[in-house]
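Me: Hello! I am new to this structure and would like to walk through it with some questions. Could you show it to me?

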Amino acid sequence: MTFQVYDTTLRDGAQREGLTYSVVDKLAVARLLDDLGVGFIEGGWPGAVPKDTEFFRRARTELELRHAILVAFGATRKAGLAVEDDPQVRGLLDAQTPAVALVAKADLRHVERALRTTAEENLAMIRDTVSYLVAQGRRVFVDGEHCFDGFRFDSGYTSAVAETALAAGAERFVLCDTNGGMLPSQVTAVIEDLVARTGIAPERLGMHAQNDTACAVANTIAAVEAGVRHVQGTANGYGERPGNADIFAIVANLQLKLGMPVLPDGCLEQMVRVSHAISEIANIAPDTHQAYVGAAAFAHKAGLHASAIKVDPLLYNHVEPAVVGNDMRILVTEMAGRASIELKSRELGLDLAGHPDALSRVTGRVKELEADGWSFEAADASFELLVRSELPDAAPARPFTLESYRVIVEHREDGAVVSEATVKIRVRGERVIATAEGNGPVNALDEALRVGLARHYPALRDFELADYKVRILEGSHGTGAITRVLVETAGAGRDWTTVGVHPNVVEASWHALVDALTYGLDRARVPGASAA
């Protein structure tokens, strides 16, 4: 059977403490996961979560997936309720996804104590829901919740759950280590025992591991070595408690260590870019020491390693960093990463290969900016503007020049807090002064800038600030800390993200706002937009 890589970042991964995705975020993450080449993207629980219902609605017209199939997640029918009358099951059908994932109780203790129903009724719930959805033309996966704990408590009942799901038409039965308490040898033992008891082909089984013992990736690999051919994970291991199995480590280990081509050609080298971009969208600092994709994953201190690395980098690297989109670094004399810059520029439709001097300048500039806290992983628009500024006859000039801006925050006697911004700019030779109020200093600044530009660039009316994120950068503290701002703008049928960095959060926001408007007007091909 075909090997299946199944991502659940948008559902199980979103349960990480402090992580909240907007619908726009979820669409962006789905596109990135598709770039990685995963086979399935679990988008959420339609009907139960309004945001997920909206995501699936928008996905039908806004997502053009090249590799992945979108999956709606839900549960088996409720006890005592006919499957066709269950509104939660109806929500799964309304999502109009080709595939559906059902969570089902696989531990008899949970059936009796949590569901408060009988062992027989739980099996009927699984059978009815799977067969009903299959009859409606859906591919169905069944996640056996608490499967390993349940098997060790009552192997006969958990085996019956797996057999019932597959007999009803489920494509795969997924063994879930819901509590995350298993070790690799225990995973292997359960799978071998289950297969021996039931005669189920191991390739019809899947593996979903939580990371409570820090063994989620190892447990997943152990399951594959035991014959499982469906693996689930999340980007960067996001998830509840210590998280889920990291999908990046899973696929890299399978492909590079076990020689299993589980991703389409050319996708593995997208791992670093996708990992860091999802980190930025989640507003979580990338883990610099994360396996394969972390900035320090192939970093070496000068000294003992240095001489060996000069002879052959693989003497101290377990794989070639470039195969996962990473770079080797010598921490004293850091390498420039020209190949990554060239690859990313090519993805944006810009040819730096034919302009080696420009490539050197962009690489140096990116290196300088990143040392100051800038990050372009999730800010393609800012990166594109930077690259184009170094290419001959290709750089859009700013649509205006700044004379000054001022922001005032007023706390009034009635408790109201009002922000007011004034910008003084030059637009096409004209000096413009504009003032506006907002619900915060950045909103006021954005509104004032739009007021000042609206007459010259009416296309700005179609632009909307869709999201705004602020991060205090590592190593900086207190009110004087360095801040990084990401601004997501929507307009003209697309979204784009820009970045700004500065000790002052308003100035950081200004940089991101100016990039956002410059990029948007250039993409809209506004006549004269490049003449300030």
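Me: Leaving aside neighbours within four places in sequence, which residues is Lys105 in contact with?
Reply: Happy to help, and please keep in mind that this is a predicted model. Lys105 belongs to strand 4, which covers residues 99–105. Once the neighbours within four places in sequence are set aside, the contacts of Lys105 are His110, Val111, Ala114, Leu115, Asn122, Ile126, Glu145 and Val161.

Me: Is Lys105 buried or exposed?
Reply: The relative accessibility of Lys105 is 16%. Buried means under 20%. Lys105 therefore counts as buried.

Me: With which side chain does the side chain of Lys105 make a polar contact?
Reply: Glu145 is among the residues that Lys105 touches. The polar contact runs from side chain to side chain, at 2.8 Å. The partner of Lys105 is Glu145.

Me: How many salt bridges does a search of the whole structure find?
Reply: One of them pairs Asp35 with Arg66, and another pairs Arg58 with Glu62. Over the whole structure, the search gives a total of 33.

Me: How many residues apart in sequence are the parts that Asp35 and Arg66 tie together?
Reply: Asp35 and Arg66 form a salt bridge, with their closest N and O atoms 2.9 Å apart. Asp35 sits in helix 1 (residues 23–36), while Arg66 sits in the loop between helix 2 (50–62) and strand 3 (69–75), so the pair ties together parts of the chain whose separation in sequence is 31 residues.

Me: Is Arg66 buried or exposed?
Reply: Arg66 has a relative accessible area of 58%. The cut-off for exposed is over 50%. Arg66 is therefore exposed.

Me: What separates Arg58 and Glu62 along helix 2?
Reply: The side chains of these two residues, Arg58 and Glu62, meet in a salt bridge of 2.8 Å, N to O. Arg58 counts as buried at 18% relative accessibility, whereas Glu62 counts as partly exposed at 31%. Because Arg58 and Glu62 are four residues apart in helix 2, what separates them is about one helical turn.

Me: Which residue forms a salt bridge with Arg431?
Reply: Arg431 is in strand 13 (residues 430–438), and its partner is in strand 11 (residues 401–411), 28 residues apart, so to speak of a link between distant parts of the chain is fair. The closest N and O atoms of the pair are 2.6 Å apart, and the partner is Glu403.Me: How far apart in space are Val407 and Val423, C-alpha to C-alpha?
Reply: Val407 is another residue of strand 11. At 25% relative accessibility, Val407 counts as partly exposed. In sequence, Val407 and Val423 are 16 residues apart, and in space their C-alpha to C-alpha distance is 8.7 Å.

Me: Which element gives the most to the lining of the second largest pocket?
Reply: The second largest pocket has a volume of about 1,200 Å³. Of its 42 lining residues, the closest to the centre are Ala28, Arg31, Asp380, Arg494 and Asp495. By class, the lining has 18 nonpolar, three polar and 21 charged residues. With seven residues, the element that gives the most to this lining is helix 1.

Key: Residues numbered from 1 in each chain as written. Predicted model: local features only at pLDDT ≥ 70, side-chain atom pairs only at ≥ 80, totals over all residues. Heavy atoms only, no water. Helix = DSSP H or I, 4+ residues; strand = E, 2+ residues; numbered from the N terminus. Buried < 20%, exposed > 50% of the residue type's maximum accessible area, 1.4 Å probe, protein only. Polar contact = N/O pair within 3.5 Å; in protein donor to acceptor, adjacent residues only side chain to side chain. Contact = heavy atoms within 4.5 Å. Salt bridge = Lys/Arg side-chain N within 4 Å of Asp/Glu carboxyl O. 1 Å grid on protein atoms, 1.4 Å probe; cavity = no way out; pocket = protein on both sides within 12 Å on 5 of 7 lines; lining within 4 Å. Points joined across faces, edges and corners; volume = space filled by probe spheres on them. Nonpolar A, V, L, I, M, F, W, Y, C, P; charged D, E, K, R; others polar.
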